[in-house]
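The following explanation leads through one protein model, from a helix pair to the chain as a whole and then to two individual residues. Please keep the sequence and the structure in view while reading.

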Amino acid sequence: MGLGEMLQKVLDKDKLSIGERLCQIHEQIRTVHPALCRIAVAVYDRETDILKTFAHSTDGQSPISFYESPLNKAKSLLEIAKETEPRIIDDLSVFSSDNPHTAKLQQSGYLSSMTLPIRFNGNLFGFLFFNSPEKGYFSEGRLSSLVAYSGVISLLVINELQHLKTFRGAVQTAREFSRQRDEETGNHLERMSRYARIIAKDLAPRHGKEDDWVEYIFQFAPLHDVGKVAVPDEILLKPGKLTPEEYDIMKTHVTKGGEIVQVMAKQFGLDSLNHFDMLYNIVMGHHEAMDGSGYPNQLKGEEIPLEARIVAVADIFDALTSKRPYKEGWSNQRALNTLMVEAGVRLDKECVTSLANHMDQVIAIQTEFGEDYMG
């Protein structure tokens, strides 16, 4: 199979995750280079300078998963980002195991590596990593072939991230509509999406999820209440308690949100975006309850998608701890105590416990995205 044919094949498989597509490419490469045992992708967020593991195809367990770090702290990768040629290490065993990444690669039996930047139109999208258990594997004889394959993988990643960028533009537009009408949108969305990422990152290995699943929860969480744009002002902005009739109207924001998501998918061509079904699940499921008392579909327990259960905990915790025009913010401990009471009743106990176990990260997020009057 030629490289062009391979690229077209993996781009056409809309329902496969990027990890699954990467595995298909890896399988094809290994028909020519059987000792290439690991391919991994880390993506770069220019806004935050954060580099995150995103996808991999690995023999056995991946040595490095669910990891993120500022790029400015990785000097070697900073140097690679500026170069056009790959960085090749012929023998990893000569390097000190003091570096945790090097140690994990050595422990997994990898002895050589090749790293390339993923760039497009002058912008850095991330890095591509190849590993082999053989010393000197990335020789001149194999280099040109593997660099060509890396081009296919890079285009796959860039295509995925460009779709995501389009989605993020749609999210930001929808968020601006909401911001004008709902006092619970300011930094609330920044905090709760990061709380959701903490929980997702913790639970992913237990539920057989990969890095990209965690990233998409982070990207999709801010749109959980997009349907509120369809709620009348006199209800959405009412300072006092809603009447039963008004509350029924407020609850329609969930189904209205689902409809908006479907329109976005059609108008922006986002239904082909990997994990886009997660967005629909989050919008439709974040007000469901473990005991079946939620809405709109009275789902119970694991009938509620995991991503919706995660976002529900993140959203409620931030709502409790945030100051609003009509209330003071609760302490973290008071909010956690309330979540613990609801764990296993309305909220997913595993998600609540995960958040409680990472309060150091929660506090760091609260410090970075502090309250203003708008949340």
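In this predicted model, helix H11, spanning residues 306–321, and helix H12, spanning residues 332–342, have axes that come within 9 Å and cross at roughly 140°. H11 is therefore oblique to H12, since only angles over 145 degrees count as roughly antiparallel. The crossing in which H11 passes H12 is right-handed. On the side of H11, the contact is formed by Val313, Ile316, Phe317, Leu320 and Thr321; H12 contributes Asn332, Ala335, Leu336, Thr338 and Leu339. By character, the residues of this contact between H11 and H12 comprise seven nonpolar and three polar, with no charged residue among them.

The view may now be widened to the whole chain. The protein chain holds 14 helices and six strands. Of its 375 residues, 51% are buried. Contacts with a separation of 6 or more can be divided by distance along the sequence: 65% of them in the protein chain join residues 24 or more positions apart. The surface that the protein chain exposes amounts to about 17600 Å², and carbon and sulfur atoms supply 51% of that area.

Two residues may be examined individually, beginning with one in a strand. Asn123 belongs to strand S6, which covers residues 123–132. Is Asn123 buried or exposed, or does it fall in between? Its relative accessibility is 28%, so Asn123 counts as partly exposed; the class of buried residues requires a value under 20%. Once neighbours within four places in sequence are set aside, Asn123 is in contact with Arg46 and Ile118. A further spatial relation links Asn123 to Ala81: the two residues are 42 residues apart in sequence, and their C-alpha atoms are 9.7 Å apart in space.

The second residue lies in a helix. Arg197 is located in helix H6, which runs over residues 186–203. With a relative accessibility of 11%, Arg197 counts as buried, because this value falls under the 20% cut-off. Which residues does Arg197 contact, leaving aside its neighbours within four places in sequence? Arg197 is in contact with Lys52 and Glu68, and also with Val214, Glu215 and Phe218.

Notes
Residues numbered from 1 in each chain as written. Predicted model: local features only at pLDDT ≥ 70, side-chain atom pairs only at ≥ 80, totals over all residues. Heavy atoms only, no water. Axes fitted to C-alpha atoms, helices over the stretch in contact; angles between N-to-C directions. Helix = DSSP H or I, 4+ residues; strand = E, 2+ residues; numbered from the N terminus. Parallel < 35°, antiparallel > 145°, perpendicular 65-115°, else oblique. Left-handed = near helix turned anticlockwise from the far one by under 90°. Contact = heavy atoms within 4.5 Å. Nonpolar A, V, L, I, M, F, W, Y, C, P; charged D, E, K, R; others polar. Buried < 20%, exposed > 50% of the residue type's maximum accessible area, 1.4 Å probe, protein only. Areas by Shrake-Rupley, 256 points an atom, 1.4 Å probe, with all protein chains shown as cover.
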